[in-house]
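Colleague: I would like a close look at one enclosed space in this model. Please keep to its size, its walls and their chemistry, and set it beside its larger neighbour in the ranking.

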Amino acid sequence: MHVLPVPTYLDDRSLDQLAANLPSWPPEQRLLVDAHATEWASPAGFTALLTLGQALKEIGGPAPRLTLPGADGVASYWAKAGFLQHADDFFELHGKVPRRKAAETSETLLDVTPIRESKDVHEIVGRINERSTQILKRELDLEASVVGGFGQSLSETCQNITEHAGTGGWVAVHVYNFRRRLGRKAVVIAVSDAGIGFRRSLEATQAKRFGDRWSDGLAIETALIHNISRFRDPGRGQGLAGTKRYLARWHGKISIRSGTARVCIPPAWDDEPPMTEGLGWFPGSQVTIVIPARESAS
Amino acid sequence: MSAVIRIERLLHETIATPYSDLVTRPTGAAVRQRVLDALHEAAGDEAHLDFSAVGLVDFSCADEVVAKLVGQLPDLPVLRLHLSGLREDHAEAIEHALRCHGLAVVAVFVDSPRPRLLGTVPEDWQVVFALLSEMGRAPAPPVAEALAWPLVRARAALDALAAGGCLCAHPDDTFELGAVA
């Protein structure tokens, strides 16, 4: 049994610690994903853990064990966020499993939701739209005009799965306090899939240009910075471009992790380097979008 | 004559959804096919794509439904294609998609009867379009005169707008905005 410790605070950045401890893929031994000491997980954390479980299932490996958080209320929050109901399909759960079902709270705009086909994207966008209008205005003091772009960004990010991943994935949208990095609340969209990743998706059309330098980092950069998709149609690849434009206007952030690299477009409030390479490998692709509250809010 | 094509109705004929959001590329492609069918059934020079009951429009659908149709205009059974009932967030996605293809379209917003050009619109086109929306039907010389431009410059802008389906060019060498005005 290979023990994989889950960081105390699991988010898009600390996922790197989890990935660094993954054994070579496919794992030779059964995994024990140990979240016993985990105190908090962001939407990016939830969707990434499910991606790991899904990837293991898709390669036909034995179901990994997942030790649930021991701290009071943490596992309960994981249930409320919709994580546990899906985790049960991929992990053998250990610890006290709360009976609580996913529930609407002021922090959860969208509980952890699977994306398999384009009709799922319709459902997600439709479900979230009315609720997000109220919450983005009330909790983040954002203008009504921000809400349309929010839905567009959510739709495009989810479509990356149905259009490019070659398998299903997960989305979750929460509002929470970014006390340390931002000093105010933010809405976070996390989308993760267990698919082929950016490098393989773009390899046939782009790798030749880069020769030996072709890598996960360059593949993400090609898509995110240069708006290039595997399709040659000029209308393709524009979903990410439109999302970037929207985020630039509202001082938001997008970061994409795929394989062993992460590329982001950091706003002024964030110190993440634009590209980080040489990370531990993690299956599929993970996209995180952060839209901060207006400065006067929260 | 102009046909009005209600996009939200076509959306619901295309997919079973309780929502009115025009999202995802496959949905956009399917709706575009419905619009093409409707255009073939409708008679007339102009068609209006009515977005007034549409919720969200994402970038992929804006590309599939609007940019690809406008790009196909020479092959369509209408001479001009206009958008109506737009909101600012619709326009943002549509404008982005049109610019990727170097295209332009005439649009009327829910909150204003004044038609606007969306997409890749050179400055001369904007100026001529705005003037013609005030003047009504006119030939090139008074347009050039009103703008203090050489006739050839005004003529070039009018012809380009007409070629892109943004103006109606009459056989008597006059131009107008058409039914959208």
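By class, how many nonpolar, polar and charged residues does the lining of the second largest cavity have?

Modeller: The lining of the second largest cavity has 4 nonpolar, 3 polar and 3 charged residues (Ala, Val, Leu, Ile, Met, Phe, Trp, Tyr, Cys and Pro count as nonpolar, Asp, Glu, Lys and Arg as charged, the others, Gly among them, as polar). This is a predicted model, in which totals for linings use all residues. Residues are numbered from 1 along each chain, and chains are lettered from A in the order in which they are written.

The second largest cavity (a set of points on a 1 Å grid over the protein atoms alone where a 1.4 Å probe fits but cannot get out) has a volume of about 60 Å³, taken as the space filled by probe spheres set on points joined across faces, edges and corners. Its lining (residues with an atom within 4 Å of a point) consists of A:D12, A:L15, A:A44, A:A48, A:S255, A:I256, A:R257, A:R262, A:Q286 and A:T288. At least two of these come from each of α2, β10 and β13 of chain A (DSSP runs numbered from the N terminus: helices H or I, at least four residues; strands E, at least two). β10(A) gives the largest share, 3 residues.

The whole structure holds 3 cavities of 30 Å³ or more. The largest has a volume of about 420 Å³ and 31 lining residues, with A:N160, A:H164, A:F198, A:S229 and A:L240 nearest its centre. There α6(A) gives the largest share, 8 residues, and β13 of chain A is one of the elements that supply at least two. The classes in that lining are 10 nonpolar, 15 polar and 6 charged.

Key:
This is a predicted model: local features need pLDDT of at least 70, side-chain atom pairs count only at pLDDT 80 or more; totals for chains, interfaces and linings use all residues. Side-chain values use heavy atoms; hydrogens and water are left out. On a 1 Å grid over the protein atoms alone, a cavity is a set of points where a 1.4 Å probe fits but cannot get out, and a pocket is an open set with protein on both sides within 12 Å along at least five of seven lines; lining residues have an atom within 4 Å of a point.
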